[in-house]
Every structure is written in structure tokens, then in C-alpha cells.
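Work through the following exercises with the sequence and the structure open beside you. Each task is followed by a solution that goes step by step.

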Amino acid sequence: MISGIGRSQNVSLYQNLQRNYQQLSSGKKINSAADNAAGLAIAQKMLSQSNGYDMGTRNAATSQDMVNVADGSLSTITDSLQRIRELGIQASNTAIYGEDDRAAIQQEIDQLKQSISDAGKNTQFNGRNLLDGSMGSSHVASGPDGSGMDINMPNAVLESLGIADFDVTKEFDISTIDSAIDKVSSARSGLGAAYNRLGHTINYNAYASYNITASRSRLEDLDYGQAVSDMKKNSLLQEYRLMMQRNQENENGRFIQLLRFQS
């Protein structure tokens, strides 16, 4: 008969073998809380952190794309403003240009103003207007816990720039255009700084995620060489115990037969 202790040892060896096979098939030392309860909790916390950093990186990169779209439109607005300024200076030369000439110049200015208006009102990213003042301060969840930075999106419509009524056929001031150019340049400078900060955040997040993932890997990833060695050891122990049990059963059988013969 197999004793209670022997049966318990066989069950333990079988469980060890089962754990060995599970670890080798998954590549993980920790597949359930029973394998390492504390290690599982730590590994899951690290996984949450690395996933948070990875998502923060994606958020920051997407926000960089948004900033690029806004800056591209502001660049076209700047070009239009520079051309309006040139035309304004040209119209100021009343020694040569009369009312009809200034009216012709104003026609081009009106087209440029319409271009600025279109850029300010229609520049979008993911369906959201960027430059009409409706977006305001935009939060970028670039941290692993949803924290991050805010990006102030500019208002580049004609009224905000102060050039909606700019008309060279009437009394006008070139400083109005200069002020608009300064506003757009300041907005572009702010967006450029935000873009660079997002770039630093992306680099930091990637570095932090890499190191956390490496640490988690050391905690839960399987050492295949050691695992194969353990499996072979447990397999040999089980075979040895089964062999010894069969021998013990044979000895017990012969002993019983001897008692029967004597009786």
C-alpha cells in the first residue's frame, strides 16, 4: 500500500511538474498568485506603470502632430500678413497711387484677409478647431498617471488679430499689421516651445518604460535553462518514487503470500 506521506509526495512532485510545464509554455515564472503572490502584485504594478508611460508617449506624439498642424496654418497666416503689410506700404505711397489704385490693392488685401479667416476658422485636428479660440488650453495626458502639460492654442481669426477692418482705401495704420504679425509670431513661439517639451517627455517616457519593463522581466520572466533543469529533476524524482513504490508493493505481496503459506 502507498502510505499517506508517499501519496502526498507524489502529488507534490506532480504539481511541481505541472508548474514546470506551465512555466515553459508561457515563458513566465509567475502564472498565478500561487506561484509568487508578492511578485505578482509587484509585476502588475510595474505593468500598469509601463503601460501608462507608453500611452503617455502616444498622447504626447499625437499632440505634437496637432501642434504641427496649428503651426503650419499660422505660417500661412504670417505669409499673408507680410504680404498685406507690403501692400499697405505700397498704398501709402500717395504720390503715385490714387484712389483707383488703392481700391485695386484693397482687392488683393481682401483676398489675403479671407485666406487668414479660412485658416483661423477651419484649421482642425481630429475634428476640433485649433485656431478660432474655441480650444483654449488643451491638456496633454503625457504622464503615466494622466498628468502632463497644458498647451494654449491661439486665436488667429481676423477679429482677434485686429485686422478685420483693415482697409487701405480709408485711413489705416501699418502698425495694426505689425501688431498682428507679433501676435502670430508669439503664438508660434509658444507652440514651438510646447513641441520641444513634448519631445523631451517622449524621450523620458520611453526611457522610464524601458527600465520598468526590464525590471518586471527580471521578476516574472522564466530562466529557460533553470526551468528545463528543474523539470528533468522533478521528472526523475517522480520516476524514482514510482519505481520504489512498485518495489515496495511487490515486497508486500511476497510477504503476504509467505504468511498465507505458513498458515
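A polar contact is a pair of N or O atoms within 3.5 Å, where, within protein, one atom must be able to donate a hydrogen and the other to accept it. Keep in mind throughout that this is a predicted model.

**Exercise 1.** Find what the side chain of Thr-123 reaches, and decide whether Thr-123 is buried or exposed.

Solution. Begin by locating Thr-123, which is found in the loop between helix H3 and strand E1 (124-125). Next, look for polar partners: the side chain of Thr-123 reaches the backbone oxygen of Ala-119 at 2.5 Å, and it also makes a polar contact with the side chain of Ser-73 at 2.8 Å. Then compare its accessibility with the cut-off, under which a residue is buried if its relative accessible area is under 20%; because Thr-123 has 7% relative accessibility, it counts as buried. Finally, list its contacts beyond four places in sequence, which include Val-69, Asp-118, Arg-128 and Leu-131.

**Exercise 2.** Check the length of helix H3 against the span that its number of residues should give, and find which residues of H3 are buried.

Solution. Start with the count: helix H3 covers residues 99-122 and has 24 residues, so at 1.5 Å a residue it should span 34 Å. Now turn to the model, in which the end C-alpha atoms of H3 are 34 Å apart, and the two values agree. For the second part, go along the helix and pick out the buried residues, which are Arg-102, Ile-105, Gln-106, Ile-109, Leu-112, Lys-113, Ile-116, Ser-117, Ala-119 and Gly-120. When you consider the spacing in such a list, it helps to recall that an α-helix has 3.6 residues a turn, so residues three or four places apart point the same way. To finish, ask what lies over these residues: the cover includes helix H2 (37-91) and helix H4 (158-161).

**Exercise 3.** Determine which residues of strand E4 lie on its covered face and which on its uncovered one, and name the residue that stands opposite Met-149.

Solution. First recall that in a regular strand the side chains alternate between the two faces of the sheet. In strand E4 (residues 149-152), Met-149 and Ile-151 form the covered face, whereas Asp-150 and Asn-152 form the uncovered one. Next, examine the partner strand: E3 (residues 137-140) runs antiparallel to E4 and is joined to it by four bridges. Within this pair, Val-140 stands opposite Met-149.

**Exercise 4.** Follow Ile-151 into the largest nonpolar core, and describe the surroundings of Val-67.

Solution. The largest nonpolar core has 37 residues, and Ile-151 is one of those that touch the most other members, a group that also includes Leu-74, Ile-77 and Ile-116. The elements that give two or more residues to this core are H2, H3, E4, H4 and H5, with the largest share, 10 residues, coming from H2. Continue to Val-67, which lies in helix H2 and is buried, with a relative accessible area of 3%. Leaving out residues up to four places away in sequence, Val-67 touches Ile-151, Leu-191 and Tyr-195. As a last step, compare positions along the chain with positions in space: Val-67 and Leu-130 are 63 residues apart along the chain, while their C-alpha atoms are separated by 9.0 Å.

Methods. Residues are numbered from 1 along each chain as its sequence is written. This is a predicted model: local features need pLDDT of at least 70, side-chain atom pairs count only at pLDDT 80 or more; totals for chains, interfaces and linings use all residues. Side-chain values use heavy atoms; hydrogens and water are left out. The expected span of a helix is 1.5 Å times one less than its number of residues. Buried means under 20% relative accessible area, exposed over 50%, partly exposed in between (1.4 Å probe, protein chains only). Contact means heavy atoms within 4.5 Å. Two strands pair if DSSP finds at least two bridges between them. A nonpolar core is a set of buried Ala, Val, Leu, Ile, Met, Phe, Trp, Tyr and Cys residues joined through side-chain atoms within 4.5 Å.
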